Amino acid sequence: MTETLELPRWDMSVVFPSLDSPEFETEFKAVIDAVRSLKDLFDRNGVRKTDDSSVDVATFDEVLGQQNQLSERVRTLGAYVSSFITTDSRDDYAQGKISELQGELIVLTKLGKRFEAWVGSLDVEKLISESALASDHAFVLRKAKRSSEHLMPEGEEDLAADLSLSGSLPWSRLHNNVASRLLVDVEKPSGAETLPMSAVRALAHDPDASVRQAAFKAELKAWETVSVPLAAAMNSIKGTANTLNQRRGWADSLEPALFNNNIDREILEAMQSACTESFPDFRRYLKAKASLLGKPTMAFWDLFAPVGGAESSRRWDYDDAKEFIVSQFATFSDRLSGLADRAFKENWVDVSPRLGKTDGAFCMGLRGEESRVLLNFEPSFDSVGTLAHELGHAYHNLNLAKRTPAQRATPMALAETASIFCQTIITNAVLVDASDEEKLSILENDLQDACQVTVDIHSRFIFEKSVFEGRERRELSVEELCNNMLDAQKQTYGDGLDPDELHPYMWAMKPHYYGSSYYNWPYTFGLLFGLGLYAQFGQDPDKFRGGYDDLLSSTGLADAAELGKRFEIDFRSPDFWRSSLDVIRERVVEFETLAKRFAPGA
């Protein structure tokens with residue numbers, strides 16, 4: 001595991017001196033007061049479903065203006081408190097503050113539903129023509145009007161919001177608390193060791209197959225010990241979602257996720273059909289990797305195994321990663337490079353894994369142009385790519401900073417655009433001067449990510465869909481959840497992996513299932529959209545630069561199909577998705593060629 005004491009942690013003292021400081025407490029209370037003031041404004045002006053389709057422009061402008069101002073403050077306050085919990089789930093004081101904040105902010109959830117119902121009652125087109133503020137938020141208002149068609153009566157929406165405080169939110173926190181505090185006994189060849197789950201999962205990248213296997217077996221055993229409460233959390237969250245979706249008039253569990261991501265079913269089906277066509281190509285990649293590992297077929301614990309010898313497994317220390325990213329981002333623009341440089345100098349990044357810290361990586365907007373990035377960095381190119389990916393999110397946030405909070409509401413399907421683009425910059429750059437052995441390792445890393453986002457993500461989609469469908473009838477047992485997970489993995493990985501060595505507890509490990517619905521296929525959308533955009537950048541860099549930042553700043557102002565048209569992309573055509581996957585297919589062919597040269601005994 002990477003040495004934790006030498007690597008930076010994010011600096012949140014620029015926001016408030018500490019979580020128990022007078023400055024934080026003053027703002028905490030002020031935000032709560034502002035929430036109550038907004039409710040008073042709603043009540044005075046009858047902001048709720050109404051039979052009167054007319055509206056006073058000044059009233060509308062005041063309501064939306066205050067909503068935006070408050071949302072900005074809530075964003076910063078929420079991110080600040082979350083920064084303590086995600087880096088140390090054992091911080092009981094922070095856990096208490098986030099629970100208190102969520103309880104107070106439930107009023108905002110209710111007001112949001114009232115605002116949608118109100119907008120649904122109004123003549124939105126007339127309002128847009130009369131109010132400059134409404135015109136600036138035209139897409140937001142038109143979407144709110146459509147969303148209002150799926151609202152329960154106000155009293156029921158209020159009840160659903162109140163019940164979330166004792167239902168979905170604490171169930172979600174339970175998963176994070178259990179997973180981040182889970183200690184695992186690993187019987188490594190060098191001896192037994194007790195490690196946090198994040199460190200155990202990092203051993204999947206170990207060059208020693210016996211270490212990878214031991215870590216994997218220990219991981220499965222550990223998840224089994226907490227599977228009952230996590231299954232209860234899964235059943236409760238998905239059961240609640242099913243009930244609310246039905247009461248709100250959605251056709252199924254997928255329809256609201258499509259709506260929230262600003263795409264339609266035709267787009268999703270076009271993308272998924274192209275992905276399914278590509279699975280045999282990914283299986284060829286997995287078989288080629290198996291040959292490099294000296295195996296007829298890979299087990300699940302080999303998915304992240306490094307390939308090649310020492311020459312192909314360059315150590316990337318964090319300082320090396322920073323320098324490389326800043327310099328390569330400059331090949332796109334000084335603005336992108338400057339963003340990365342600022343992030344490093346101002347300690348926006350929490351770098352190393354440790355007990356209590358959330359596994360994986362993410363980027364969250366903090367305030368204005370500032371973001372914060374969580375990593376679990378290991379000295380490998382995989383971590384360099386992850387860092388570039390998350391800084392891509394920070395660059396997206398930079399471009400959204402000039403928008404109001406309502407305009408910044410970017411769906412997940414479009415939120416991956418800049419991250420994939422930035423990760424592609426780094427990958428292509430490192431390939432330029434790489435030796436064949438280095439290229440083998442880099443291509444493996446790139447295809448490993450693409451396989452996760454295309455193949456594994458689809459298995460997660462199949463699994464989640466099966467859970468939603470099964471939960472309509474009854475609760476699902478731990479055994480059923482595991483069997484559903486294995487079935488989904490077999491459908492997607494096929495003969496690319498040993499069917500007897502899969503990961504039945506992937507549902508317990510992934511936090512996405514416990515936060516929102518279908519937090520999976522938008523990653524695939526982002527990967528393939530990002531690759532398509534990068535291809536256009538290569539064709540005409542100057543023209544592309546002129547429109548790219550504007551595209552990122554507009555991801556909350558139009559649906560995906562409309563934004564795609566700016567770059568002559570038709571998301572409803574499988575051909576676009578196939579063209580992006582063709583980039584990956586070319587890399588598979590190159591990887592296979594190199595694998596034949598470097599496989600043991602070649």
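Here a visitor asks how the labels on this predicted model are earned, and a guide answers.

Visitor: What makes a local feature count in this model?

Guide: The model is predicted, so local features need pLDDT of at least 70 and side-chain atom pairs count only at pLDDT 80 or more, while totals for chains, interfaces and linings use all residues. Residues are numbered from 1 along each chain as its sequence is written, and side-chain values use heavy atoms, with hydrogens and water left out.

Visitor: How many helices and strands are there in the protein chain?

Guide: The protein chain has 25 helices and five strands. Both are DSSP runs, numbered from the N terminus: a helix is H or I over at least four residues, and a strand is E over at least two.

Visitor: Why is the chain called as compact as a globular protein of that length?

Guide: Its radius of gyration is 24 Å, and the globule rule gives 25 Å for 602 residues; those are close, so the label fits. The radius is taken over C-alpha atoms, and the rule is 2.2 Å times the number of residues to the power 0.38. Along its principal axes, the C-alpha trace spans about 80 × 55 × 50 Å.

Visitor: What share of the contacts joins residues 24 or more positions apart?

Guide: Among contacts with a separation of 6 or more, 77% are of that kind. A contact means heavy atoms within 4.5 Å.

Visitor: Why is N262 called buried?

Guide: Buried means under 20% relative accessible area, exposed means over 50%, and partly exposed is in between (1.4 Å probe, protein chains only). N262 has 7% relative accessibility, so it counts as buried. You'll find N262 in the loop between α12 (254-260) and α13 (265-292). It isn't a glycine, yet N262 has a positive phi of about 60 degrees.

Visitor: And Y518, buried or exposed?

Guide: Y518 has a relative accessible area of 1%, so it is buried. This residue sits in the loop between α21 (506-509) and α22 (521-539). Y518 also has a positive phi, about 55 degrees, without being a glycine. Across the whole chain, buried residues make up 56% of the 602.

Visitor: What makes β3, β5 and β4 a sheet?

Guide: Two strands pair if DSSP finds at least two bridges between them. β3 and β5 have two bridges, in the parallel sense, and β4 and β5 have five, running antiparallel. The three strands form an open sheet in the order β3-β5-β4, with mixed pairing. In general, strands of a sheet pair through backbone hydrogen bonds, either parallel or antiparallel.

Visitor: Why are β3 and β4 called edge strands?

Guide: β3 (349-350) and β4 (362-367) each pair on one side only, which means they are the edges.

Visitor: Which residues are bridge partners in β5?

Guide: V373 in β5 is the partner of V349. From the other pairing, L374 partners F362, and S371 partners G365. β4 and β5 make a hairpin with two residues between them, and G368 in that turn has a positive phi of about 50 degrees.

Visitor: How do you know that β5 is largely enclosed?

Guide: Five of the five residues of β5 are buried, so the rest of the structure largely encloses this strand. Both faces are covered: E370, R372 and L374 are buried on one side, and S371 and V373 on the other.
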